[in-house]
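Biologist: Let's go through this structure together. I will keep asking how each label was earned.

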Amino acid sequence: MSPLDRKLLRDLWRIKGQAVAIAAVIGVGVLMLVMMTGIVTSLDETRRAYYERYRLADIFASVTRAPDRLISDLSSIPGVSVAEGRVTGSALIDLPGLDLPLRAAAVSLPDFGEPRLNDIYLVAGRRLDSDRSSEILLLEGFAKAHGLQPGDALSATMNGARRTFRIVGLAQSPEFLYTTAPGELAPDDSRFGVIWMSRTALAAAYDMDGAFNQALLSVGRGSERTAVFAAVDRMLDHHGGLGAYGLEDHESNRFVSEEISGLRAMSSGVPPIFLGVAAFLLYIVVSRMVQTEREQIGLMKAFGYTNVEVGAHYFKLVLAIAAGGALAGCLAGIAAGRALIEVYLEFFKFPFLVFQLDPGAFVVGFSVSVLTASTGGLIVLRGVFALSPATAMNAPAPPDYSRTGRIGQSLNRHLDQPSRMVLRRLTRQPGRMAGAMLGIAAGMALSVGMISILAGFDRTLALTFTVIDRSDVTVTFTEAMSEKAILELQRMPGVIEVEPVRIVPAVLRNGLKTYRGAISGLVTEPRLNRAVDKDIMTIPTRREGVILATALADILGIASGEMLTIEVREGRQPVLDIPVIGIAQSLLGSPVYMELGALNRALREPNRVSGAYLRVDSIHSQSVYRTLKDMPTVAGVSLKADARNAFQKLMDTGAGAMRYIMAAIAAIITFGVVYNAARIAYAERARDLASLRVIGFSKGEVAFVLLGELAIVTLVALPVGALLGYYLSFGIAAGFSSDLYQIPAVFTPRSYGAAALAVVAAAVTSGWLVKRDIDRTDLISALKTRE
Amino acid sequence: MTEEPCKEVTSAFRITGLTKVYGEGAAAVHALRGVDLVIPSGELVVLLGPSGSGKSTLLNIIGGLDRASDGQVYFRGQELTALSDAELTRYRRDHVGFVFQFYNLMPSLTARENVELVTEVARNPMDPDEALALVGLHARTEHFPAQLSGGEQQRVAIARAVAKQPTVLFCDEPTGALDSTTGRAVLKVLKDVNERLGATVLIVTHAAATAAMADRVLHFADGAIREVVVNKTKLSPEEIEW
């Protein structure tokens with residue numbers, strides 16, 4: 001090993017504390033990138049493999065009732081590779097001990113063999129025996145939530161008839177990764193079940209002998225899907241077709257896609273910000289570190305080492321730290337990704353995992369770290385190369401402060417010498433101080449950003465469940481009912497207020513942009529569930545137009561005053577061209593509001609409602625639930641508290657859970673930045689500080705000279721960081737927002753205060769750590785060593 | 001330390017059995033091996049000897065920068081070796097001036113401000129300008145260290161050391177980094193300080209010729225004082241052969 005390399009190793013050992021601090025900052029930046037991209041790639045791959053293995057259909061088309069022979073017609077449509085018909089229906093599951101019935105979907109499986117499309121994954125028990133019509137398979141998530149097992153009996157109401165079934169197996173399906181209780185946005189395993197039955201048994205229950213009410217189709221790669229949709233709709237039109245839709249509009253898949261694309265947006269939006277901050281810090285640290293080695297560089301040159309050799313030596317030092325940090329970040333990122341993906345697997349209910357890393361993340365992480373470190377090193381080395389070897393032979397020249405001496409003469413009179421030293425250090429190298437300040441500000445900005453995101457999640461929940469939705473219970477009817485149903489609800493003891501609603505599925509179009517959603521028909525002056533504007537004031541629904549949620553207006557690229565095309569997917573399926581008359585603040589889902597009467601008129605079904613919002617006296621809530629349970633017209637009852645919990649859970653376990661990890665990483669980076677700033681300042685000043693100690697300054701007084709500088713830099717960094725954080729928050733918020741929920745960047749004095757507190761705490765801790773070193777300084781050796 | 005120096009004592013330092021060991025076991029280095037010494041008040045003392053003979057170690061211990069392994073040091077009757085860190089700081093602040101080979105000036109302060117650094121905290125300081133005039137730098141008080149030559153920087157360091165009117169002045173190789181002319185000028189300043197302020201001055205040096213200007217010369221070898229020479233006649237710094 002060459003002596004220079006040995007020096008390199010010893011130098012690394014000598015500055016190990018600092019090296020580790022730098023490597024840690026760059027490491028967490030890389031960690032985050034590798035982890036996030038790894039998770040996204042793995043989830044994407046796993047989902048693809050899962051869909052493929054269980055032959056999930058590409059196109060779904062529901063009809064009222066179509067004869068089986070139509071299937072061969074459907075499969076002969078050009079581009080369609082497989083077509084299959086099945087029977088589906090809605091059911092109500094009655095579980096002992098529960099006040100409310102639970103809604104479920106009943107889905108048929110072929111009597112013999114496996115389905116050609118939408119197969120199931122049997123988790124426990126066995127498949128159905130077509131001879132026994134009482135056998136069912138139950139969705140695993142639902143069964144788990146209620147402690148049901150193969151062999152258990154289950155009582156359910158189908159098509160008005162109540163029957164008792166025997167569970168023979170538990171199944172998962174790519175089609176039902178997510179199940180959402182009626183009238184709700186957040187999935188909840190416990191409140192929506194899926195029952196699979198043999199085709200014959202289910203056809204008997206729903207009067208579908210020799211017929212199907214849902215067609216599944218898979219299309220070959222590269223086929224013209226628009227033409228397929230048109231052909232399917234044409235064929236099914238006479239049989240009450242509700243319009244074919246693709247997998248991308250399938251509820252469960254849409255949810256999974258949204259969560260994954262939320263993670264992807266986050267992985268491409270947030271880690272670069274973190275990595276950028278880490279890289280910037282690395283640059284500052286490296287350039288200052290090489291600067292302190294100036295004397296040694298002169299010496300090496302005096303011994304006859306060339307610029308290239310000396311340069312390579314320091315380059316290796318920088319590289320060792322940067323590459324070490326990046327490598328550790330990669331490894332930790334893989335480990336963290338692997339650990340987290342397990343959590344996500346459970347969240348997404350994938351039965352197996354295809355773990356895949358994104359090699360791009362390694363390359364990006366590595367090159368960003370190494371490049372920034374090298375740039376930092378190179379810029380300083382350029383100055384160092386110009387240095388004459390003789391400089392090293394002379395007594396160290398004191399840095400020149402003469403140009404700062406005249407600054408603030410009047411101010412000087414009021415300052416003691418230690419304060420002047422602090423002030424002059426700050427003014428002598430404004431660039432260096434600005435760098436340190438910006439580094440700390442960047443750390444602060446990350447903290448502000450993450451804290452405002454944490455507050456944003458709370459705001460979303462609070463706004464949705466206390467301001468927009470003021471009801472206690474949402475009731476969904478089995479079908480559109482006459483308004484008498486509302487009167488019936490009003491008469492129930494304990495019900496304070498009832499507000500009718502009609503929700504119909506619809507496809508919204510603005511030019512080429514479409515969105516498959518639902519229209520909520522509300523009363524003119526809604527009180528319980530309403531559209532609100534920016535100032536949280538109710539927007540009244542009006543006959544002549546619709547009100548869109550902000551997120552939906554963005555998706556459709558439509559503004560207030562423009563015309564929207566609505567293709568209603570219920571009843572006579574009218575197509576409406578209707579102006580947008582308002583944009584509503586909504587942070588959950590993408591609702592569309594319309595005046596109830598206008599909606600019913602468009603459907604030519606006057607005085608119909610599909611559900612109601614209720615305000616209930618809490619004393620009577622139990623009896624209200626019991627009564628609702630016994631009403632045959634009620635399909636689902638959802639308590640706001642449950643819905644809120646479901647959303648909270650979704651945000652805490654899905655893509656949103658990443659916010660906690662990011663907040664932790666932001667804290668690590670913030671601390672790393674501040675600690676490094678303190679360490680470097682100390683390294684640069686060790687000798688001066690020891691001299692002060694020798695001439696009789698106490699430890700506290702000496703610490704003031706160093707920490708005063710850190711304190712001022714930190715204090716200046718606070719407002720700058722707050723400002724940077726303000727802008728950063730919008731970027732991070734966009735990364736966290738998805739179709740399912742929008743996260744606003746929320747700025748409260750509290751979030752700034754908390755971020756400032758975090759930075760100050762980091763500064764105080766760093767200051768304390770450095771002060772410990774000042775206190776321990778060996779006065780004599782500090783005096784003997786030359787700079 | 002307590003502020004009641006014993007006035008009867010004419011010695012600045014009384015040292016008994018002073019021992020300093022660095023490291024432990026086989027690796028132990030005995031820098032001082034039981035030194036006994038009395039340094040009278042107001043003398044100019046030169047400590048001579050080869051590298052590692054213990055002279056700097058002695059200076060550091062009696063200057064309150066380092067701690068003894070064994071033995072006692074009394075400064076005007078007060079036992080330095082028994083003082084806490086904070087008390088040692090107080091001792092340095094009130095009584096001791098230091099001059100080092102590499103000056104150790106604060107680069108961010110002007111010549112006068114470097115002196116004020118000390119006079120602001122000292123109990124009975126002289127005027128900073130007066131201290132700078134004493135070392136012949138009255139015309140350069142507003143200059144920063146980077147604008148001063150090596151000799152000038154060392155003279156600022158001396159001005160800084162004497163401005164508090166120290167009881168003792170410790171100089172570790174004060175001329176080590178200087179040429180002969182500048183070195184002589186610095187030594188002259190040290191002698192002036194000794195004579196005009198009555199401060200006890202201890203100078204550690206390699207340059208044997210410096211001994212000619214001292215009241216007392218301590219010859220060090222291998223961690224002990226081999227010989228103490230008291231000069232009957234002293235040369236002025238200008239007369240010293242460099």
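**Labels and the values behind them**

Modeller: Start with D94(B), which is buried, with a relative accessible area of 8%. Keep in mind that this is a predicted model.

Biologist: Why is D94(B) called buried?

Modeller: Buried means under 20% relative accessible area. D94(B) has 8%, so the label fits.

Biologist: What makes D94(B) and R90(B) a salt bridge?

Modeller: The rule asks for a side-chain nitrogen of Lys or Arg within 4 Å of a carboxyl oxygen of Asp or Glu. In D94(B) and R90(B) the closest N and O atoms are 3.1 Å apart. That is within the cut-off, so the pair counts. Both residues lie in helix α2 (residues 85-95) of chain B. They are four residues apart, about one turn of the helix.

Biologist: Is R90(B) buried or exposed?

Modeller: Neither label applies: R90(B) is partly exposed, at 33% relative accessibility. Partly exposed covers the range between under 20% and over 50%, so 33% belongs there.

Biologist: Which other residue forms a salt bridge with D94(B)?

Modeller: R123(B) does, with the closest N and O atoms 3.9 Å apart. The limit is 4 Å, so this pair passes too. R123(B) sits in the loop between α3 (111-119) and α4 (128-134) of chain B, and D94(B) in helix α2, so the pair ties together parts that are 29 residues apart in sequence.

Biologist: Why is R123(B) called exposed?

Modeller: Its relative accessibility is 52%. Exposed means over 50%, so R123(B) qualifies.

Biologist: What makes R112(B) and D129(B) a link between distant parts of the chain?

Modeller: R112(B) is in helix α3 of chain B and D129(B) in helix α4 of chain B, 17 residues apart. Their closest N and O atoms are 3.0 Å apart, which makes the pair a salt bridge. R112(B), at 22%, is partly exposed. D129(B), at 31%, is partly exposed as well.

Biologist: Why can such side chains pair at all?

Modeller: Side chains of opposite charge can pair when their charged atoms come close. Over all chains, the structure holds 45 salt bridges.

Biologist: Now the interface. How many salt bridges does the rule find between chain A and chain B?

Modeller: It finds four across the interface. One pair of side chains from the two chains is K699(A) and D85(B), at 3.2 Å from N to O. That is within 4 Å, so it counts as a salt bridge. The rule also finds eight residue pairs in polar contact across the interface.

Biologist: Which elements of chain A give two or more residues to the side that touches chain B?

Modeller: They are α13 (417-428), α20 (658-694), α21 (699-736) and α23 (779-784) of chain A. The largest share, six residues, comes from α20(A). By type, this side of chain A divides into 14 nonpolar, eight polar and 12 charged residues.

Biologist: How much area do the two chains bury between them?

Modeller: About 3,000 Å², with 60% of it on carbon and sulfur atoms. In contact are 34 residues of chain A and 33 residues of chain B.

Biologist: On to helix α15 (residues 484-491) of chain A. Which of its residues are buried?

Modeller: A485(A), I486(A) and L489(A) are. They cover an arc of only 100 degrees around the axis, which puts them on the same side of α15(A). The face turned away carries the exposed residues K484(A) and R491(A). What covers the buried residues includes β12 (473-482) and α18 (621-630) of chain A.

Biologist: Why is G439(A) called buried?

Modeller: Its relative accessibility is 4%. The cut-off is under 20%, so G439(A) is buried. G439(A) is in helix α14 (residues 430-468) of chain A. Not counting residues up to four places away in sequence, G439(A) touches F280(A), I284(A) and V673(A).

Biologist: What is notable about phi in Q573(A)?

Modeller: Phi of Q573(A) is near 50 degrees, a positive value in a residue other than glycine. Q573(A) lies in the loop between β16 (563-568) and β17 (575-584) of chain A. At 23%, Q573(A) is partly exposed.

Biologist: And where is R604(A)?

Modeller: R604(A) is in the loop between α17 (596-603) and β19 of chain A. R604(A) has a positive phi of about 55 degrees, although it is not a glycine. Its relative accessibility is 61%, which is over 50%, so R604(A) counts as exposed.

How values were computed. Residues numbered from 1 in each chain as written. Chains lettered and ligands numbered in written order. Predicted model: local features only at pLDDT ≥ 70, side-chain atom pairs only at ≥ 80, totals over all residues. Heavy atoms only, no water. Contact = heavy atoms within 4.5 Å. Buried area = accessible area lost by both parts, 1.4 Å probe. Polar contact = N/O pair within 3.5 Å; in protein donor to acceptor, adjacent residues only side chain to side chain. Nonpolar A, V, L, I, M, F, W, Y, C, P; charged D, E, K, R; others polar. Buried < 20%, exposed > 50% of the residue type's maximum accessible area, 1.4 Å probe, protein only. Arc of directions from axis to C-beta.
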